[in-house]
Amino acid sequence: MAVPKHKTSKQRTHTRGSQWKLTAPTLVECKNCHQLVQLHRVCPSCGYYDTELKIEKKQGND
């Protein structure tokens with residue numbers, strides 16, 4: 001089993017851990033309804049993806 005030759009300092013350990021951070025998702029404008037949508041996703045408000053209707057939305061209370 002591998003054993004480290006030297007102790008890892010607190011600064012080195014904390015520096016390595018400091019790189020874990022979240023990034024905000026990239027949002028673009030829907031070409032059909034102009035709502036903000038994540039890249040490469042179907043628009044949840046209108047159902048379009050790149051000017052093609054992918055999901056039919058139900059209208060009103062049926």
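Select R41 to begin: R41 lies in the loop between β2 (36-38) and β3 (48-49). Helices and strands here are DSSP runs, numbered from the N terminus, with helices (H or I) of at least four residues and strands (E) of at least two. The model is a predicted one, in which local features need pLDDT of at least 70 and side-chain atom pairs count only at pLDDT 80 or more, while totals for chains, interfaces and linings use all residues. Residues are numbered from 1 along each chain as its sequence is written, and side-chain values use heavy atoms, with hydrogens and water left out.

**Around R41**

Colour R41 by accessibility: its relative accessible area of 47% makes R41 partly exposed. The classes are buried for under 20% relative accessible area, exposed for over 50%, and partly exposed in between, with a 1.4 Å probe and protein chains only. Next, display the side chain of R41 together with the backbone of L39; a polar atom of that side chain lies 3.0 Å from the backbone oxygen of L39. A polar contact is a pair of N or O atoms within 3.5 Å; within protein, one must be able to donate a hydrogen and the other to accept it, and residues adjacent in sequence count only if both atoms are side-chain atoms. Then add C30, which is eleven residues from R41 along the chain; the two C-alpha atoms are separated by 9.9 Å.

**Two histidines**

Which sign does phi take at H40? Select H40 and read the backbone angle: phi is near 60 degrees, a positive value in a residue other than glycine. Most residues other than glycine have a negative phi. H40 lies in the loop between β2 and β3, and counts as exposed at 63% relative accessibility.

Move now to H34, in the loop between β1 (27-29) and β2. H34 also is not a glycine, and has a positive phi of about 65 degrees. With a relative accessible area of 52%, H34 is exposed.

**The N-terminal segment**

Select A2, in the segment before α1 (10-17). A2 counts as exposed, at 74% relative accessibility. A distance monitor from A2 to G47, 45 residues apart along the chain, gives 54 Å between the C-alpha atoms.

K5 is found in the segment before α1 as well, and is exposed with a relative accessible area of 81%. Draw a second monitor from K5 to K54: the C-alpha atoms are separated by 58 Å, for residues 49 apart along the chain.

**The whole chain**

Zoom out and show the cartoon. The protein chain has one helix and four strands, and from the N terminus on the order is α-β-β-β-β. Along the principal axes, the C-alpha atoms fill a box of roughly 70 × 25 × 25 Å. The radius of gyration is 23 Å, whereas a compact globule of 62 residues would have a value near 11 Å. That radius is taken over C-alpha atoms, and the globule rule is 2.2 Å times the number of residues to the power 0.38.

How many of the residues count as buried? Of the 62 residues, 8% do. Among contacts (heavy atoms within 4.5 Å) between residues at least 6 apart in sequence, 0% join residues at least 24 apart.

Finally, colour by charge. The mean positions of the 11 positive and 5 negative charges are 31 Å apart. Lys and Arg count as positive and Asp and Glu as negative, with His and the chain ends not counted; each charge is placed at NZ of Lys, CZ of Arg, CG of Asp or CD of Glu.
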